[in-house]
Protein chains: 2
Amino acid sequence: MIELSKAEFEVLDALWLNYPATASQIIERLSDDKQWHEKTIKTLLGRLVKKGALSFEKDGRQYIYTPCMERAEYTLKESQNFIERFFSGRIAPLVSGFAKSEQLSQQDINELKKVIDDWEKQQK
Amino acid sequence: MIELSKAEFEVLDALWLNYPATASQIIERLSDDKQWHEKTIKTLLGRLVKKGALSFEKDGRQYIYTPCMERAEYTLKESQNFIERFFSGRIAPLVSGFAKSEQLSQQDINELKKVIDDWEKQQK
DNA sequence: AAAGTTTGATTACAGGTGTAATCTTAAGTT
DNA sequence: AACTTAAGATTACACCTGTAATCAAACTTT
């Protein structure tokens, strides 16, 4: 699995919002939440390319970046990894931990029920 | 939140198995899964103490270590953090991702149902 | 054409991390 | 008491990360 740092992920996440995109578009998107210097973001883009998380095409002197994977694919792998490390690969203990500490809202419960429902339909 | 590295967490996790414990006991426990040098584990114990994740008492020339927090407490915080970063704080999308990629077993589903059930009872 | 601007490339640098080796010193052994 | 261990403390060192500044080249503007 490609290992991304926190900051690298946030840059990639800004690209996932809408791609392909240029560095300046990504910088623009990040400017709302982050106070990162433009240079910092460029560095992170370079590292993402080096790690194989992004590819780019040249357009004049600009690069037009595209993620090499989908967000869902990446977050799924990260989730598996996380759950493996902290909960021996089982997902229920994670949810259970949230429940016990009153971190679950009725909306969360409804959404979870729907996920279960859909899963069961899928199994026919 | 105390930030622990992967390796640090694994050492702490070995301590959580049964504590208080000495360095050599922890090293013994880790020897099954890891091929870490004894010195490496000692280094990690030192870093854990420095970060405030462990405390110790002296017993002759040995230290007897105790975690400064419970495993459930730590994993809950890590989970919140994880879910915040990747799923904007909502838990269902994580579970949904697993479901869509067929990572959920009937057992997982049953466990999740039980968590939901317990939660609902709790709300009376 | 010269000068300025903008883009990516290269360099910087401190603190964290994995992975130990070496040093000190107190405790155990003879 | 002298000698040997073994435990923790200190030091090492390369790679990763956050966070840019500087450099070089291409494009724009005058």
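This section describes a predicted model of two protein chains, A and B, with DNA strands C and D. Local features need pLDDT of at least 70, side-chain atom pairs count only at pLDDT 80 or more, and totals for chains, interfaces and linings use all residues. Residues are numbered from 1 along each chain as its sequence is written, chains are lettered from A and ligands numbered from 1 in the order in which they are written, and side-chain values use heavy atoms, with hydrogens and water left out.

Chain A contains six helices and three strands. Helices (H or I, at least four residues) and strands (E, at least two) are DSSP runs, numbered from the N terminus. The order of elements in chain A, from the N terminus on, is α-β-α-α-β-β-α-α-α. Chain A has a radius of gyration of 18 Å, well over the 14 Å that the globule rule gives for 124 residues, so it is more spread out than a compact globule. The radius is taken over C-alpha atoms, and the globule rule is 2.2 Å times the number of residues to the power 0.38. A box of roughly 50 × 35 × 25 Å, taken along the principal axes, holds the C-alpha atoms of chain A.

DNA strand C is surrounded by 19 residues. A residue counts as near a strand if one of its heavy atoms lies within 4 Å of it. The closest are Arg61(A), Tyr63(A), Ser5(B), Thr43(B) and Lys51(B). Sugar or phosphate accounts for 62% of the atoms of strand C within 4 Å of the protein, and bases for the rest. Polar contacts are pairs of N or O atoms within 3.5 Å; within protein, one must be able to donate a hydrogen and the other to accept it, and residues adjacent in sequence count only if both atoms are side-chain atoms. A polar side-chain atom of Lys51(B) lies 2.6 Å from a phosphate oxygen of strand C. Ala7(B) places a backbone N or O atom 3.1 Å from a phosphate oxygen of this strand. Lys39(B) instead faces a base oxygen, with a polar side-chain atom 3.0 Å away. Two or more residues each come from helix H3 (38-50) and strand E3 (62-67) of chain A, and from helix H1 (6-16) and helix H3 (38-50) of chain B. H3(B) gives the largest share, four residues. By class, the surface near strand C has four nonpolar, six polar and nine charged residues. Ala, Val, Leu, Ile, Met, Phe, Trp, Tyr, Cys and Pro count as nonpolar, Asp, Glu, Lys and Arg as charged, and the others, Gly among them, as polar.

DNA strand D is surrounded by 20 residues. Ser5(A), Thr43(A), Arg47(A), Lys51(A) and Tyr63(B) are the closest. Here 56% of the strand D atoms within 4 Å of the protein belong to sugar or phosphate, the rest to bases. Backbone atoms of chain A meet phosphate oxygens of strand D at Ala7(A), at 3.1 Å, and at Lys6(A), at 3.5 Å. From chain B, an N or O atom in the side chain of Lys42(B) lies 3.2 Å from a phosphate oxygen of strand D. H1 and H3 of chain A, with H3 and E3 of chain B, each supply at least two residues of this surface. The largest share, five residues, comes from H3(A). The surface near strand D divides into five nonpolar, five polar and 10 charged residues.

The two chains also meet through helices. The axes of H5(A) (residues 92-100) and H6(B) (residues 106-122) come within 9 Å and cross at roughly 10°. Axes are lines fitted to C-alpha atoms, for helices over the stretch in contact, and angles run from 0 to 180 degrees between N-to-C directions. H5(A) and H6(B) are therefore roughly parallel to each other. Angles under 35 degrees count as roughly parallel, over 145 as roughly antiparallel, 65 to 115 as roughly perpendicular and the rest as oblique. Ala92(A), Val95(A), Ser96(A) and Ala99(A) meet Glu111(B), Leu112(B), Val115(B) and Trp119(B). Contact means heavy atoms within 4.5 Å. By class, this contact has six nonpolar, one polar and one charged residues.

Backbone geometry has some notable points. The peptide bond from Tyr19(A) to Pro20(A) is cis, with omega near -5°. Pro20(A) sits in the loop between H1 and strand E1 (21-22) of chain A. In chain B, a cis peptide bond joins Tyr19(B) and Pro20(B), with omega about -5°.
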